[in-house]
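Hi,

Here is the structure I said I would pass on. Have a look at it first, and my notes follow underneath.

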Amino acid sequence: MNFTPRFLICVALSLVVSSLAADRKDVNYDEDKVNMAPLPDPLVLNNGKPVTSASAWKNRRRPEILELFRTHVYGRSPGKPKGMKFAVTGLDHLALDGRATRKEVTVYFTGQKDGPQMTILLYVPSGAKQPAPAFLGCNFGGNHAVSADPGITLSKQWMRPNKDKGVVNNQATEASRGTEASRWAVEKILARGYALATIYYGDVEPDFAEGWKLGVRAALGKDGADTQWKPDDWGAISAWAWGLSRALDYLERDRDIDAKHVAVIGHSRLGKTSLWAGAQDERFALVISNDSGEGGAALARRNYGETTAIITTAFPHWFCDNFDQYANNAPALPVDQHELIALMAPRPVYVASAEDDKWADPRGEFLSAKNAEPVYALFKKGGLGVSDQPPVNHPVGDFIGYHLRTGKHDVTDYDWEQYLNFADRHFKRGK
Ligand code: GTR
């Protein structure tokens, strides 16, 4: 792939803008100054009438809210492309010292081998007697970064420059193998009987302002890299979420996988992505947000940590163009993020925060989960089961799970243990 000077300048600029945003002195971390406008009520239809039954939610209110998120926040994605093809391009039944079968599956989005494509890395636990339930998520550093397993194909896609992680001139080197391994708990997941599927988000769209020109948004659009975006056309989060749905299309065909029990998971911007994927695609049986923050689980109306003003300046390409108008006016948004959580109902959803991740507004993430409870109640499903944010390292919840972990913005083994327990409980495993 060719990286023109223009692309490289755009990447550098977006990195500078995001680090400036993180250093801003005007960011509020004082709970007394949060000044939250009232939240929109998920149980009131656009015409002002109340929603009082699960069927009214499913048939009337849910489609309305989904449509509001499409129009004002993430943008509208296309469906499954015609002619999409899958090919198993890597297979090893004795991967990870015999603990797993490793598959690499290339997804040719338009059926053309030289067209847009992504590669799914899939580990299936060895010796499983039945199709395995699975976790599916996007990764930041390429599939080869998820584990030091030398059999994983090294990604050739655009990567964010990072010498410490073995990425030089936007390309992964051998030194980048396993650099994201601490975030994936592969052995633990397999030992608990789950498969793990992951895709590199940069296969779908490289993450910088002009990255869409190298990704599916250009490849599938009729005007390619000359596309003029409509205000509600898909942004990058929608593109990544779309990639997760295409990965699920594959998992549905793999006999080793129990596709009725696939949990979609993501961290940070990829947690925003897992939420949006789970909201749109009800085939995902369980949805997990790890430290997803602004534009993810955190309430937009709270002025704490990152705000709509900051995120639309640093990462305008993540959202649809309409979202810009709420940059300094979150109260005008016709939705808030508790309604994104509510779109998962009645499926189990888990929101996780980290104590030192103030930028992501842990309390705002908790309050989103809390304010989704009335929708779960319509289905007679228990929510968090607590009225206020629990103490650190104290997971709570029935169909809405939540924990506040000690430590920083990251995915740790502690997080995974909670997700595995939550999945066991809802997928009726591990009894
Ligand atoms: C930050 C951004 C957050 C979060 C994070 C990440 O810079 O402000 O919204 O998404 O990046 O994805 O690591």
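Starting with the second largest cavity: by class, its lining has four nonpolar, three polar and one charged residues. The residues in question are Val-73, Glu-294, Gly-295, Ala-300, Thr-308, Phe-323, Leu-333 and Gln-337. About 40 Å³ of space lies inside this second largest cavity. Before you go further, keep in mind that this is a predicted model.

The structure holds two cavities of 30 Å³ or more, and the largest cavity has about 100 Å³ of space in it. Its lining takes in 13 residues, and Arg-183, Trp-184, Gly-266, His-267 and Val-411 are the ones nearest the centre. The elements that give two or more residues to that lining are β4 (132–139) and β8 (257–267). Of these, β8 gives the most, with three residues. Sorted by class, the lining of the largest cavity comes out as seven nonpolar, four polar and two charged.

Now the ligand, which I guess you will want to click on straight away. Which residues surround the ligand? The list is Ser-268, Arg-269, Lys-272, Glu-306, Ile-311, Phe-315, Trp-318, Trp-359 and His-409. This shell divides into four nonpolar, two polar and three charged residues.

Here are the polar contacts I would look at:

- Arg-269 has a polar side-chain atom 2.5 Å from an oxygen atom of the ligand.
- Ser-268 puts a polar side-chain atom 2.7 Å from an oxygen atom of the ligand.
- Trp-359 has an N or O atom in its side chain that is 2.9 Å from an oxygen atom of the ligand.

As for how much of the ligand is covered, on its own the ligand has 320 Å² of accessible area, and the protein covers 82% of that.

There is an open site to check too. The second largest pocket has about 350 Å³ of space in it. Its lining is made of 14 residues, with Thr-119, Thr-153, Ser-155, Lys-156 and Asp-203 nearest the centre. The elements giving two or more residues to this lining are β2 (100–108) and β3 (117–125), and β3 gives the most, with three residues. By class, the lining of this second largest pocket has three nonpolar, eight polar and three charged residues.

On to salt bridges: the count comes to 38. One of them joins the side chains of Arg-61 and Glu-64, at 2.8 Å from N to O. Why are Arg-61 and Glu-64 separated by about one helical turn? Because they are three residues apart in helix α2 (residues 54–74).

Finally, two bits of backbone geometry. Most residues other than glycine have a negative phi, and most peptide bonds are trans. Against that background, Asn-35 has a positive phi, near 55°, and is not a glycine. You will find Asn-35 in the loop between α1 (5–23) and α2. The other one is the peptide bond joining Ala-345 and Pro-346, which is cis, with omega about 0°. Pro-346 sits in the loop between α10 (337–342) and β10 (349–354).

That's my list. Shout if anything is unclear.

Cheers

Definitions and conventions
Residues are numbered from 1 along each chain as its sequence is written. This is a predicted model: local features need pLDDT of at least 70, side-chain atom pairs count only at pLDDT 80 or more; totals for chains, interfaces and linings use all residues. Side-chain values use heavy atoms; hydrogens and water are left out. A residue is near a molecule or strand if one of its heavy atoms lies within 4 Å of it. A polar contact is a pair of N or O atoms within 3.5 Å; within protein, one must be able to donate a hydrogen and the other to accept it, and residues adjacent in sequence count only if both atoms are side-chain atoms. Accessible areas come from the Shrake-Rupley method with a 1.4 Å probe; for residues, only the protein chains shown count as cover. Ala, Val, Leu, Ile, Met, Phe, Trp, Tyr, Cys and Pro count as nonpolar, Asp, Glu, Lys and Arg as charged, and the others, Gly among them, as polar. On a 1 Å grid over the protein atoms alone, a cavity is a set of points where a 1.4 Å probe fits but cannot get out, and a pocket is an open set with protein on both sides within 12 Å along at least five of seven lines; lining residues have an atom within 4 Å of a point. Grid points are joined across faces, edges and corners, and a volume is the space filled by probe spheres set on the points. Helices (H or I, at least four residues) and strands (E, at least two) are DSSP runs, numbered from the N terminus. A salt bridge is a side-chain nitrogen of Lys or Arg within 4 Å of a carboxyl oxygen of Asp or Glu.
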